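Hi everyone, thanks for squeezing me in. I'll put the structure up and then talk through one ligand site and one loop residue.

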Amino acid sequence: MGGVPQETLITVAPTGAETAKSDAPALPVTLDELVGTAKACQAAGAGLIHVHIRDADARPTLDLQRLTDTVAALREGTDLVVQLSTGGAVTDPYEARLGVLDAEPDSCSLTCGTVNFGSDVFLNPWDFMVELYRKTQALEIVPEFELFDLGHVIALNRLLDKEGAPYGGHVHCDLVLGVPGGAPGTTEAVVAMARELPPGASWSATGVGRSTMPVALAALSAGGHLRVGMEDTLTYAPGRPVRDNAELVERAATLSRLALREPMTTDGARSLLHVKDRRNEVAA
Ligand code: KMH
Ligand code: ZN
């Protein structure tokens with residue numbers, strides 16, 4: 001599993017595609033709300049932002065112009081590594097998910113297998129994974145491999161064996177645990193999955209809902225980084241809704257410091273992930 005890093009990369013996933021604004025008024029759904037959230041989360045210790053966007057009616061969208069504008073606004077307003085979701089919503093077609101990369105983010109998510117998602121199915125068949133991966137290599141975008149189950153880790157190893165290293169040469173993964181249909185949000189699942197990761201890979205973990213804290217504590221002790229945010233967690237403690245994304249980042253930073261690991265700076269995140277520096281590029 002590798003050693004324990006001296007610093008913790010804190011990823012914030014502030015919005016997701018599953019929660020309605022009406023059910024969580026603090027969810028950032030407009031560009032202004034997203035940039036405001038991103039600034040507050042960077043100040044609290046985040047190094048990377050995992051982004052899903054919404055349309056004018058606050059519904060999930062993969063509209064390319066909106067994605068491009070979002071990447072530009074986040075680059076303008078913050079130094080965070082900007083990662084766009086290629087998972088989108090469970091209803092998004094493959095073509096639109098591949099099209100996300102044309103917004104030229106620093107990084108993108110790439111899920112390594114299909115998983116039941118409550119009563120829905122999040123589809124990631126092998127051929128789609130390969131096509132998406134080849135596009136990240138061609139466009140020099142760093143993929144973050146999203147792993148919802150142990151078999152996804154096996155598929156990741158197969159992908160790297162067959163298709164070679166990702167852009168930048170470094171493998172970074174995120175264990176997404178506690179989804180109804182995926183691996184549970186337990187210490188045992190964190191360890192079982194982390195053990196099978198490719199040698200030298202870095203990884204973060206997030207536990208959905210009630211598994212947030214067990215997964216964060218397990219990840220810190222097992223050498224992982226942290227992902228937090230309202231995409232995964234809407235309740236700060238039993239009966240207490242999350243105030244905003246920044247307080248989840250603040251809690252992650254506090255946990256990390258208790259583990260004698262400082263939150264990683266945005267420069268540290270860029271160098272860990274080997275992202276291409278696109279900050280001086282003008283958006284289309
Ligand atoms: N919204 C989920 C169906 C990702 O961002 O790549 C997929 C997801 C993973 O959130
Ligand atoms: Zn996501």
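Here's the background first, then the ligand, then the loop.

So, this is a predicted model, where local features need pLDDT of at least 70, side-chain atom pairs count only at pLDDT 80 or more, and totals for chains, interfaces and linings use all residues. Residues are numbered from 1 along each chain as its sequence is written, chains are lettered from A and ligands numbered from 1 in the order in which they are written, and side-chain values use heavy atoms, with hydrogens and water left out.

Okay, ligand 1. Who's around it, going by a heavy atom within 4 Å? The shell is Glu 18, His 50, His 52, Ser 85, Gly 87, Gly 88, Val 90, Ser 109, Thr 111, Phe 117, Phe 122 and Glu 231. That splits into 3 nonpolar, 7 polar and 2 charged residues, with Gly counted as polar.

Now the polar contacts, meaning N or O pairs within 3.5 Å. A polar side-chain atom of Ser 85 comes to 2.7 Å from a ligand 1 oxygen. For His 50, a side-chain N or O atom is 3.0 Å from an oxygen of ligand 1, and for His 52 the value is 3.0 Å too. On its own ligand 1 exposes 300 Å², and the protein buries 97% of that (Shrake-Rupley, 1.4 Å probe).

Last bit: the loop. Arg 243 is between strand S15 (240–241) and helix H8 (245–258); those are DSSP runs, at least four residues of H or I for helices and at least two of E for strands. Leaving out residues up to four places away in sequence, Arg 243 touches Ala 26 and Glu 250, with contact being heavy atoms within 4.5 Å. Its C-alpha is 9.4 Å from that of Leu 27, 216 residues apart along the chain.

Methods: Near = heavy atom within 4 Å. Polar contact = N/O pair within 3.5 Å; in protein donor to acceptor, adjacent residues only side chain to side chain.
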